[in-house]
Amino acid sequence: MSEIVKPSTADVESTMQKVSLVIAVVASTLMIAGLIGLAAAGNSLSLPGPSVIRLNVLVGLGGGPWGLIAMSAGIVLLGLLPAVRAFLAMTLYLRQHDLLDTVASLIVVLELLFSMHA
Amino acid sequence: MISLLLFLTGVFAGILGGLLGLGGGIFLVPALTILFHFPFEIAVGTSLVAVIAVSAGVAAVAMKGRGADVSLALRLEVATACGAIVGGLMAGRINSHFLSILFALVVFFTAFYLVYRARQAAAQGQERMFHQDYRPRLWPLALCASFGAGVISALLGVGGGFIKVPIMYAIMGVPMGIAAATSNFMVGITAAASVFVYYGRGYVHPLIVVPTALGVLVGAMTGVYLLTRLRVAWVRTALIGLLLLTGIQMLLRGLGL
């Protein structure tokens, strides 16, 4: 069974594969480091535990133990990955002068950004 | 100890997600509510992060030329992500018993969908899984159905692959292999559209999410590896039985029995 892929789709897939791998590794590292850091600092690990640090506080790198900050940052990074993939697709479609797909990608990116404020 | 159990639950959900092209939320939400007794909203928030992890894990290690139609995915995601935002905003305002019953119905639907997939797989002799000579049709109907899939996804913490594949395959005339691969790409975006709503409302707890998401990442990559070595039909049969049991449990929970 042959698997034929459109050239443009193959480009997008290849770039997204690399980006997905890098972001997944960085997000995992942050989450593991945060969990170890929280345990090492003697914080309670009983469940459900504290909620994530809010985005506006997280951007300012304040508001809690660094282990919790690292775990929250890892979760946010993982949550941003689909938006990054959509943004990458948008730039690739833009370069190929594919107007309809560029606009569709842009709308998806904007929807994902909007959901962060909803 | 519970963290280790969460990690193993994540690995299990990730393997099934990677093997069957599902987001994994369909197993995680019942596990987190029934086995670990976490509130429904926390289970959904955790599951949405896990669905993104499955999508990332599969994308990171998937074989080249899997056939995902990124263009089709993004066009449908315009409606699905919109539905997911609406669903996310509705979350927390709907009775958890009602959501349990809705979840049970979705689980039953998924089981029937897997039976349908098995029948399609058996008929593959006459049908090509991957080819490029297709032209997606019935866009208005597909976009409306995609919006509904987004709402359900956000409310129940599932990726919605079991809805997206039939939309693309049965409604739009996309080949089954491309529909499944495209769905894998889409579930991450759909989950991302509602995960930050749950994040902002404090339903994402790192001590639950981190071991689960790490397990799911490992599981999803393992699932892709096993895909070439296991008979998916066996896994699918076991999964159908598991889903029916889970659905019954969620239904009883929803009815307060």
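Between chain A and chain B there is one salt bridge, meaning a side-chain nitrogen of Lys or Arg within 4 Å of a carboxyl oxygen of Asp or Glu. The partners are D101(A) and R75(B), whose closest N and O atoms lie 2.7 Å apart. On the chain A side, α3(A) gives the most to the surface touching chain B, with 14 residues; helices here are DSSP runs (H or I, at least four residues) numbered from the N terminus.

This is a predicted model: local features need pLDDT of at least 70, side-chain atom pairs count only at pLDDT 80 or more, and totals for chains, interfaces and linings use all residues. Residues are numbered from 1 along each chain as its sequence is written, chains are lettered from A in the order in which they are written, and side-chain values use heavy atoms, without hydrogens and water.

Now to the whole interface. Contact (heavy atoms within 4.5 Å) joins 58 residues of chain A to 53 residues of chain B. The buried area, the accessible area (1.4 Å probe) that two parts lose on being put together, summed over both, is about 4,800 Å², and carbon and sulfur atoms give 71% of this.

Finally, the cysteines. The whole structure has zero disulfides, a disulfide being a pair of cysteine sulfur atoms within 2.5 Å. For accessibility, buried means under 20% relative accessible area, exposed over 50%, and partly exposed in between (1.4 Å probe, protein chains only).

| Cysteine | Closest cysteine sulfur | Relative accessible area |
|---|---|---|
| C82(B) | C144(B), 11 Å | 32%, partly exposed |
| C144(B) | C82(B), 11 Å | 56%, exposed |

The sulfur of C144(B) forms no bond with that of C82(B) because 11 Å is too far.

Conventions: Helices (H or I, at least four residues) and strands (E, at least two) are DSSP runs, numbered from the N terminus.
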